[in-house]
Amino acid sequence: QVQLVESGGGLVQAGGSLRLSCAASGSIFSINAMGWYRQAPGKQRELVASIISGGSTNYADSVKGRFTISRDNAKNTVYLQMNSLKPEDTAVYYCKTDYTHQSMRDLEVWGQGTLVTVSS
């Protein structure tokens, strides 16, 4: 069993910053990739940013230059630093982890989501 615990969401004014955290725990052999997705009301869930085990990152065009994803391998934790937030960044943010289970199966797990609200 692998669980993700997210934290850091909240209400912030436009132009402000927030930092999201997501910690993975459980029967993990290795983590292959971690990422953040978001889903705004009435919209599909979309990738915000991801980071693979080697450290390479990928960002949605809408957040490039404003958001930074990073990872602490020792803590199995991924962070999303969000700067210059805009009202259109308002969404529920979900953490997703692709990992190899101790049984050597490749699996994925999603966090419960954390709400980010940006007021204008």
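**Glu108 and Lys96**

I looked up Glu108 and found the residue partly exposed, with a relative accessible area of 47%; buried stands for under 20%, exposed for over 50%, and partly exposed for the range in between, with a 1.4 Å probe and protein chains only. I note that this is a predicted model, in which local features need pLDDT of at least 70 and side-chain atom pairs count only at pLDDT 80 or more, whereas totals for chains, interfaces and linings use all residues. Residues are numbered from 1 along each chain as its sequence is written, and side-chain values use heavy atoms, with hydrogens and water left out.

I then turned to the partner of Glu108, which is Lys96: their side chains form a salt bridge at 3.6 Å, N to O (a side-chain nitrogen of Lys or Arg within 4 Å of a carboxyl oxygen of Asp or Glu). The contact joins distant parts of the chain, with Lys96 in strand S9 and Glu108 in strand S10 (residues 106-110), 12 residues apart (DSSP runs, numbered from the N terminus: strands are E, at least two residues; helices are H or I, at least four). I asked whether Lys96 is buried or exposed. Lys96 counts as buried because its relative accessibility is 11%.

**Other salt bridges**

How many salt bridges does the count give? I recorded 6. One of them pairs Asp89 with Arg38, whose closest N and O atoms are 2.9 Å apart. This pair also spans distant parts of the chain: Asp89 lies in the loop between strand S8 (77-82) and S9, and Arg38 in strand S4 (residues 28-39), 51 residues away. I found both Asp89 and Arg38 buried. I traced these two residues further, into a network of salt bridges that links Arg38, Glu46, Arg66 and Asp89.

Lys64 and Asp61 form a salt bridge with a closest N to O distance of 3.1 Å. I found both Lys64 and Asp61 exposed.

**Disulfide**

I searched the whole structure and obtained 1 disulfide (a pair of cysteine sulfur atoms within 2.5 Å). The bond joins Cys22 and Cys95, with the sulfur atoms 2.1 Å apart. I read -80 degrees about the S-S bond, which makes the link of Cys22 and Cys95 left-handed. Cys22 belongs to strand S3 (residues 18-26) and Cys95 to strand S9 (residues 91-101), so distant parts of the chain are linked across 73 residues. I checked accessibility at each end: Cys22 is buried at a relative accessible area of 0%, and Cys95 counts as buried at 0% as well.

**Charges over rings**

I looked for charges over rings (NZ of Lys or CZ of Arg within 6 Å of the ring centre and within 35 degrees of the ring normal). The charged end of Arg19 sits over the ring of Tyr79, 4.0 Å from the ring centre. Arg45 lies over the face of Trp110 at 4.7 Å from the ring centre.

**Positive phi**

Which residue in the loop between strand S7 (67-72) and S8 did I list here? I listed Asn76, which has a positive phi of about 50 degrees although Asn76 is not a glycine. Asn76 is partly exposed, at 23% relative accessible area.

I made a second entry for Ser84, in the loop between S8 and S9. Ser84 has a phi near 50 degrees, positive in a residue other than glycine. I noted Ser84 as partly exposed, with a relative accessible area of 42%.
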